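This report describes a single protein chain for a reader at the bench. Please keep the sequence and the model at hand while reading.

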Amino acid sequence: MLGTIFDIKHFSIHDGPGIRQTIFFKGCPLSCWWCHNPESRSNEITDVEKEETLDGVKICDTETIGKLYSVDQLMAEVIKDIVFFEESGGGVTLSGGEPLQQHEFVLELLKECRKMEINTCVDITGNVNAGILSNIASYTDLFLYDLKHIDDVQHIKYTGVSNKQILSNLKLLDEMGKDVWIRFPLIPGINDDESDFLRLMEFLSKLKNTHPISLLPYHKIGRHKYSRYGIEYKMNGISEPDSDYILQIKNMFTNAGFLTSIGG
Ligand code: SF4
């Protein structure tokens, strides 16, 4: 069995506790307007023609996005960082894209990590079959769980899919007693309406357990990728939130009783 991976980041400090190795799986069922990794969406390994100008000279090149790995090959990569995991309380994070689009491969990888007592974190959109998720949950120490918009109509508009399965799967993990860190991209004019925040907090407050929330302020890093990969960029005119505003939203969640941080 092989997995399609588009990047491996060593020494990450934003994808779970401690120092982590983050493995990015190719393929995503969503198409978020603000996605920083639009090249991750397709399940296929793709060749992209790149044209750059260096010292006035045009250079054309082909970039291949995605690479096939066996579980053994990925574990060989993971093991390189094991000393850093042990020193920092870190481990491996499986991200994407949506890693659970390759759930059979992910399950095998998680089982190997468990055999070696390596901490595992899976960063998901939640848009996945509930049976698959509960199977994966048995071998996962922590989920990073993206909530993009509480309003289903807006969720469909900005991501291309309904949030019904996503919200229901979050309840499922909560009922299973899994550790979940919620990640909310803060995007002015898209998901920061006060009434939507109130609905989001109401939904979260009905869960059995309290899960930490990371606010991920929208930024424009990655914008250049859209023209490079020939994908339409829809975020023109959307500003990055300033630090006062981000703090104001953080305080709103904190005052409502949620353990809230910025970034992550
Ligand atoms: S879920 Fe993540 S990877 Fe998928 S389109 Fe949205 S931002 Fe991009």
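Which residues are linked with Asp 15 in a network of salt bridges? The network consists of Asp 15, Asp 123 and Arg 183. A salt bridge is counted where a side-chain nitrogen of Lys or Arg lies within 4 Å of a carboxyl oxygen of Asp or Glu.

The model is predicted, so local features need pLDDT of at least 70 and side-chain atom pairs count only at pLDDT 80 or more, while totals for chains, interfaces and linings use all residues. Residues are numbered from 1 along each chain as its sequence is written, and side-chain values use heavy atoms, with hydrogens and water left out.

**Salt bridges**

Side chains of opposite charge can pair when their charged atoms come close. Over the whole structure, a search finds 11 salt bridges. Three of them are set out below.

| Pair | Closest N to O distance |
|---|---|
| Asp 15 and Arg 183 | 3.7 Å |
| Arg 114 and Asp 141 | 3.3 Å |
| Arg 199 and Asp 196 | 3.7 Å |

Asp 15 and Arg 183 meet through their side chains in a salt bridge. Asp 15 belongs to the loop between E1 and E2 and Arg 183 to strand E9 (residues 179–186), so this pair ties together parts that are 168 residues apart in sequence. Helices (H or I, at least four residues) and strands (E, at least two) are DSSP runs, numbered from the N terminus. Asp 15 is buried at 9% relative accessibility, and Arg 183 is buried at 8%. Here, buried means under 20% relative accessible area, exposed means over 50%, and partly exposed lies in between (1.4 Å probe, protein chains only).

Arg 114 and Asp 141 form another salt bridge. This pair links distant parts of the chain, 27 residues apart: Arg 114 is in helix H3 (residues 103–115), and Asp 141 is in the loop between helix H4 (130–137) and strand E8 (142–146). Arg 114 is partly exposed, with a relative accessible area of 35%, and Asp 141 is also partly exposed, at 29%.

**Helix H7**

The salt bridge between Arg 199 and Asp 196 lies within helix H7, where the two residues are three apart, about one turn of the helix. An α-helix has 3.6 residues a turn, so residues three or four places apart point the same way. Arg 199 is partly exposed, with a relative accessible area of 38%, whereas Asp 196 is buried at 11%.

Helix H7 (residues 194–205) has 12 residues, which at 1.5 Å a residue should span 16 Å, and its end C-alpha atoms are indeed 16 Å apart. The expected span is 1.5 Å times one less than the number of residues. Which residues of H7 are buried? They are Asp 196, Phe 197, Leu 200, Met 201, Phe 203 and Leu 204. These residues cover an arc of only 160° around the axis, which puts them on the same side of H7; the arc is that of the directions from the helix axis to the C-beta atoms. Glu 194 and Leu 198, on the other side of H7, are exposed.

**Strand E2 and its partners**

Strand E2 (residues 20–25) is mostly covered, with six of its six residues buried. In a regular strand the side chains alternate between the two faces of the sheet. Both faces of E2 are covered: one side carries Arg 20, Thr 22 and Phe 24, the other carries Gln 21, Ile 23 and Phe 25, and all are buried.

Two strands pair if DSSP finds at least two bridges between them. Strand E1 (residues 2–12) pairs with E2 in the antiparallel sense over five bridges, and Ile 8 stands opposite Ile 23 in E2. Strand E6 (residues 91–95) pairs with E2 in the parallel sense, over five bridges; there, Val 92 of E6 is the bridge partner of Gln 21.

**Further positions**

Val 122 is placed in strand E7 (residues 119–124) and is buried, with a relative accessible area of 0%. The C-alpha atoms of Val 122 and Thr 93 are separated by 5.6 Å, although these residues are 29 apart along the chain. Glu 175 lies in helix H6 (residues 164–175) and is exposed at 53% relative accessibility. From Glu 175 to Asn 209 the C-alpha distance is 8.2 Å, with their positions 34 residues apart in sequence.
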